[in-house]
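Here are some exercises to work through with the structure open beside you. Try each task before reading its solution.

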Amino acid sequence: MSTIINENRLQSTFKNLDHKISKLNDQKITAFFESLGLLERKDVPKDFLNWENILIVVPNRHVSHELKYYKYTISRISFLTNPYADQIHIYDLKDWKNAAANKTQFQIREMLKTSFGGVKKVIKES
């Protein structure tokens, strides 16, 4: 005899609630990105809500520290500090995991210079 009287109904209720929670989290992500000015930028993919998890690349630790609170209040987002980035960027977390898999810290650091928001710094000669 099962302790739960109607397990199918319980699972159905959970599924319905999880769907509602997911929709509310999507609204949180959209509001957060809007507050960062990301929704107006042409370089930001418009299908980010279809990604399982979103990687937000920030240009320095100051910005990372400022946004740290949202990492804990919004599901499906992660942060990465890329000192070679000139602004905030977003990526599918799967792309990051695939690119960084089996790489050393040095290789990842070198990769960040030209990808995941990284821009090669050009030294101007006077």
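**Exercise 1. Work out what kind of contact joins the side chains of R76 and D26, and which parts of the chain it ties together.**

Solution. Keep in mind that this is a predicted model.
- Step 1: look for a side-chain nitrogen of Lys or Arg within 4 Å of a carboxyl oxygen of Asp or Glu. For R76 and D26 the N to O distance is 2.5 Å, so by that cut-off we have a salt bridge.
- Step 2: place the two residues. R76 sits in the loop between α2 (61-73) and β2 (77-81), while D26 belongs to helix α1 (residues 7-35), so the bridge ties together parts that are 50 residues apart in sequence.
- Step 3: check the surroundings. D26 has a relative accessible area of 15%, and the limit for buried is under 20%, so D26 is buried.

**Exercise 2. How many salt bridges are there in total, and are R41 and D43 buried or exposed, or something in between?**

Solution.
- Step 1: the same rule gives a count of three salt bridges.
- Step 2: one of them joins R41 to D43, with the closest N and O atoms 2.9 Å apart. R41, at 17% relative accessibility, is buried, whereas D43 comes out at 42% and is partly exposed.
- Step 3: another salt bridge pairs E110 with K113, at 3.0 Å from N to O. Here E110 is partly exposed, with a relative accessible area of 33%.

**Exercise 3. D92 is buried; find out which side chain of opposite charge is nearest, and what the D92 side chain has close to its polar atoms.**

Solution.
- Step 1: locate the residue. D92 is part of strand β3 (residues 89-92).
- Step 2: find the opposite charge. The nearest candidate is K94, and its side chain is 5.7 Å away. The cut-off is 4 Å, so D92 has no salt bridge.
- Step 3: now try the backbone. The backbone nitrogen of K94 is 3.1 Å from a polar atom of the D92 side chain.
- Step 4: list the contacts. Setting aside neighbours within four places in sequence, D92 touches W51 and N53.

**Exercise 4. Describe the setting of I77: which strand holds it, and which residues does it contact beyond its sequence neighbours?**

Solution.
- Step 1: I77 lies in strand β2, and with 7% relative accessibility it is buried.
- Step 2: skip anything within four places in sequence, and the contacts of I77 are I29, F32, I54, I56, Y70 and K71.
- Step 3: take I54 from that list. I77 and I54 are 23 residues apart along the chain, yet their C-alpha atoms are separated by 4.8 Å.

**Exercise 5. Sort out the aromatics: how many pairs are there, and how do the planes of F32 and F33 sit relative to each other?**

Solution.
- Step 1: the structure has six aromatic pairs.
- Step 2: for F32 and F33, the ring centres are 6.1 Å apart and the planes meet at 40°, so this pair is tilted. F32 is buried at 5% relative accessible area, and F33 is buried too, at 0%.
- Step 3: compare W96 and F116. Their centres are 5.1 Å apart with 90° between the planes, which makes an edge-to-face pair. W96 is in helix α3 (residues 93-100) and F116 is in the segment after α4 (105-112), 20 residues apart, so the pair links distant parts of the chain. Both W96 and F116 are buried.
- Step 4: look for a cluster. F32, F33, F48, Y69 and Y70 make up one aromatic cluster.

Definitions and conventions. Residues numbered from 1 in each chain as written. Predicted model: local features only at pLDDT ≥ 70, side-chain atom pairs only at ≥ 80, totals over all residues. Heavy atoms only, no water. Helix = DSSP H or I, 4+ residues; strand = E, 2+ residues; numbered from the N terminus. Buried < 20%, exposed > 50% of the residue type's maximum accessible area, 1.4 Å probe, protein only. Contact = heavy atoms within 4.5 Å. Phe/Tyr/Trp six-rings, centres within 6.5 Å; stacked < 30°, edge-to-face > 60°. Lys, Arg positive; Asp, Glu negative; His and termini not counted. Polar contact = N/O pair within 3.5 Å; in protein donor to acceptor, adjacent residues only side chain to side chain.
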